[in-house]
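Biologist: I'm new to this one, so could you take me through it slowly, starting with the charged side chains?
Modeller: Gladly, let's put it up on the screen.

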Amino acid sequence: MAKRAPEPEKRPGFFSQIKSLFRFTREAYPWLPWAQAAILIGGVLLGLLAGYLIPPFQVWTLVLWAITGLMLGVLGALFLMTRLSTSAMYTKIDGMPGATGHVLSTSLGRRWQASETPVGINPKTQEAVYRTVGRGGIVVVGEGARGRLTRLVNEERSRAQRVAHGVPITVLYVGHGEDEVPIADLAKTIKKLPKAIDKSTMAAVIRRIDSVSQSLSSLPIPKGIDPTKVRAQRPR
């Protein structure tokens, strides 16, 4: 008898995602429920005020304005929760090995290409170097103690220079020291880089770099961060 094909994994529903996101955010911001309640009440009050001041004044129009205000309050509460959840995620992963790869692979958008896997790593200390390529050129990002990253960063920068001559290469270090970029500002800093290459050049650079990149499959990848556990799923 033929084996039945495994059923596709069922994704969590919209309300399940909202609930998960709420719990995750509330752990970092216990005052979140009160702030959301205040936004909802404020939205209803604004709706009632608008219904009272905008003629003609009738009971049914007042009810409609109250419902409109409630809907706006719901949107405001969800917006607040989403913004706070992002901040909570950065706070939780700050300083964890692999956090840089997670941010690069999820927060840069379509104009940049990056991987969660480092392109260089010190197996003993877990210092790692990551790379992303986009319209702003090539960005090499060091994660860990800056002094121990010098060799890894220089190796990756030299490799990029050999295969992408003329393309600007930016080096960033994640941290809270002088001339370092906090993990929460990493994606924003990269996105602010001025456009230096067009789409065709970007695609060519990615192909060249991928063709000469050394395989790191035999090296241990930094542990300690699981994005599926750190970041609550956002509602779709």
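Modeller: A network of salt bridges links Arg 131, Glu 156 and Arg 159, where a salt bridge is a side-chain nitrogen of Lys or Arg within 4 Å of a carboxyl oxygen of Asp or Glu. This is a predicted model, in which local features need pLDDT of at least 70 and side-chain atom pairs count only at pLDDT 80 or more, while totals for chains, interfaces and linings use all residues. Residues are numbered from 1 along each chain as its sequence is written, and side-chain values use heavy atoms, with hydrogens and water left out.

Biologist: How many salt bridges does the count come to?
Modeller: The count comes to 5 salt bridges by that rule.

Biologist: Back to the network, how far apart are the closest N and O atoms of Glu 156 and Arg 159?
Modeller: They are 2.3 Å apart in that salt bridge, and the two residues sit 3 residues apart in helix 5, about one helical turn; helices here are DSSP runs (H or I, at least four residues), numbered from the N terminus.

Biologist: And is Glu 156 buried or exposed?
Modeller: Glu 156 is buried, at 2% relative accessibility, and Arg 159 is buried too, with a relative accessible area of 11%. Buried means under 20% relative accessible area, exposed over 50%, and partly exposed in between, using a 1.4 Å probe and protein chains only.

Biologist: Which residue does Arg 151 meet in a salt bridge?
Modeller: Arg 151 meets Glu 155, at 2.9 Å from N to O, and the pair lies 4 residues apart in helix 5 (residues 146-163), again about one helical turn. Arg 151 is exposed, at 51%, whereas Glu 155 is partly exposed, at 36%.

Biologist: What about Lys 188, what does it pair with?
Modeller: Lys 188 forms a salt bridge with Asp 185, with the closest N and O atoms 3.6 Å apart. Lys 188 is partly exposed, with a relative accessible area of 45%, and Asp 185 is partly exposed as well, at 28%.

Biologist: Changing topic, which residues make the nonpolar surface patch?
Modeller: The patch covers about 740 Å² and is made by Val 59, Trp 60, Val 63, Leu 64, Ile 67, Leu 70, Met 71 and Val 74. Such a patch takes residues with over 30% relative accessible area and no salt bridge, joining nonpolar side chains (Val, Leu, Ile, Met, Phe, Trp, Tyr) within 5 Å, and accessible areas come from the Shrake-Rupley method with a 1.4 Å probe.

Biologist: Where is Val 59?
Modeller: Val 59 is in helix 3 (residues 59-93), and it counts as exposed, at 64% relative accessibility.

Methods
Patches are made of residues with over 30% relative accessible area and no salt bridge: like charges are joined within 9 Å, nonpolar side chains (Val, Leu, Ile, Met, Phe, Trp, Tyr) within 5 Å.
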